[in-house]
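Me: Please take a close look at the largest pocket for me. After that, follow the trail to whatever else deserves attention, and keep it relaxed.

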Amino acid sequence: MQNSLQVAQVIISALPYIQKFRNKIFVVKYGGSAQIDDTLKNDFVRDIALLQLVGCKVVVVHGGGKKINSYLDRLHIKSEFVDGLRVTDKEAMEIVEMVLSGNINKEITALLNKNGARAIGVSGKDANLLKAKILNSGKYGFVGEIERVNTYVLNGLLENGLIPVVAPVATDDEANSYNINADLCASKIASALKAERVIFLTDTRGILDKDGNLISKLNEAHITALKEDGTINGGMIPKVDAALECVKNGVANAHILDGRLPHSLLLELFTDDGIGTMIKG
């Protein structure tokens, strides 16, 4: 009986958040271990299905770095990271697109549908969803910077009760394909949709200070200081930049969460304390 009462209390405590977030748009960047571990993968799709069930409008943007690495290694194609971004030549771009748009995207979509959600997988090239230009004069190869998001397409899918699952591959007016960093892709989509929240799932507890303690809330000034002293570095830089861009462009809050923790998404959104780092404007 005691356990049943505790369960009931948890459900009741989530009610204000469910009411607050109904019909709001959430953009979730899905990557890291949560995308590889089968148990975490199933937890994630159930969380997304629940969000849709309680009335949230969800867009999922996925990465695929570990699986891309696996395929590139298998095919003996060299790949390196600079400034937290994968340098992508033409040969690597073909593999990136194959893995993101053809493999991972359809797996996530199928799992969501299996668990009661209504999801549809799309690439940024579909219906000109994501238009891009080459980033930093080609410093990173075929890595792009999103210039336009076709919100008409995304809003149409959301209004029809679908969860768009977006592979971060974009095109330009010449039909060139570009690899888009999934964090920055989620940021651009969230900003264009004026989403209520953007959530980045990663393989750390959030943003940590030099002593390894979680920083629960950050703003731009604090982020700048942490970059300058090296606390924020490497692959965390594009995540933080993406989160900061969102809140400067109309998104209420951005969250960086530990995707290795079961149901981290629900714990962050539907509990008073949360579990990750929240970035505010």
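Reply: **The largest pocket and beyond**

The largest pocket has a volume of about 720 Å³. Keep in mind that this is a predicted model, where local features need pLDDT of at least 70 and side-chain atom pairs need 80 or more, while totals for chains, interfaces and linings use all residues. Residue numbers run from 1 along each chain as its sequence is written, and side-chain values use heavy atoms, with hydrogens and water left out.

A pocket here is an open set of points on a 1 Å grid over the protein atoms alone, with protein on both sides within 12 Å along at least five of seven lines; a cavity is a set where a 1.4 Å probe fits but cannot get out, and lining residues have an atom within 4 Å of a point. Points are joined across faces, edges and corners, and the volume is the space filled by probe spheres set on them.

The pocket lining takes in 34 residues, and those nearest the centre are Lys29, Gly64, Gly65, Phe81 and Lys239. Two or more lining residues come from each of α3 (65-74), β4 (85-87), α4 (90-114), α6 (182-193), β11 (197-202) and α8 (236-247). Helices (H or I, at least four residues) and strands (E, at least two) are DSSP runs numbered from the N terminus. The biggest contributor is α3, with five residues. Chemically, the lining splits into 13 nonpolar, 12 polar and nine charged residues. Nonpolar covers Ala, Val, Leu, Ile, Met, Phe, Trp, Tyr, Cys and Pro; charged covers Asp, Glu, Lys and Arg; the others, Gly among them, are polar.

Lys29 turns up again among the 14 salt bridges of the structure. Such a bridge puts a side-chain nitrogen of Lys or Arg within 4 Å of a carboxyl oxygen of Asp or Glu. Lysine 29 pairs with aspartate 183, with the closest N and O atoms 3.5 Å apart. That joins strand β1 (residues 25-30), home of lysine 29, to helix α6, home of aspartate 183, across 154 residues of chain. Both aspartate 183 and lysine 29 are buried, where buried is under 20% relative accessible area, exposed is over 50% and partly exposed is in between (1.4 Å probe, protein chains only).

A second bridge has glutamate 107 meeting lysine 41 at 3.1 Å, N to O. Glutamate 107 is in helix α4 and lysine 41 in helix α2, so this pair ties together parts 66 residues apart in sequence. Glutamate 107 is partly exposed because its relative accessible area is 29%, while lysine 41 counts as buried at 10%.

Next comes lysine 66 with aspartate 203, at 3.4 Å, N to O. Lysine 66 is in helix α3 and aspartate 203 in the loop between β11 and β12 (217-218), 137 residues apart. Lysine 66, at 45% relative accessibility, counts as partly exposed, and so does aspartate 203, at 24%. Shared partners also join Lys29, Asp183 and Lys239 into one salt-bridge network. Both of those lysines are among the residues nearest the pocket centre.

What about enclosed space? By the grid rule there is one cavity of 30 Å³ or more, and the largest cavity has a volume of about 60 Å³. Its lining is Ala34, Leu40, Asp43, Phe44, Asp47, Leu201, Gly259, Leu261, His263, Ser264 and Leu265. The elements giving two or more of these are α2 (38-53) and α9, and α2 has the largest share, four residues. By class, the cavity lining is six nonpolar, three polar and two charged.

Helix α9 (residues 264-269) also holds glutamate 268. Glutamate 268 is buried yet has no salt bridge, and the nearest side chain of opposite charge, arginine 197, is 7.2 Å away. For charge, Lys and Arg are positive and Asp and Glu negative; His and the chain ends are not counted. Contact means heavy atoms within 4.5 Å. Leaving out residues up to four places away in sequence, glutamate 268 touches His255, Leu257, Gly274, Ile275 and Gly276.

One last stop is the loop between β5 (119-123) and β6 (130-134), where alanine 127 is placed. Alanine 127 has a positive phi of about 55° although it is not a glycine. Asparagine 128 is in that loop too and also has a positive phi of about 55°. Most residues other than glycine have a negative phi. Asparagine 128, at 41% relative accessibility, counts as partly exposed.
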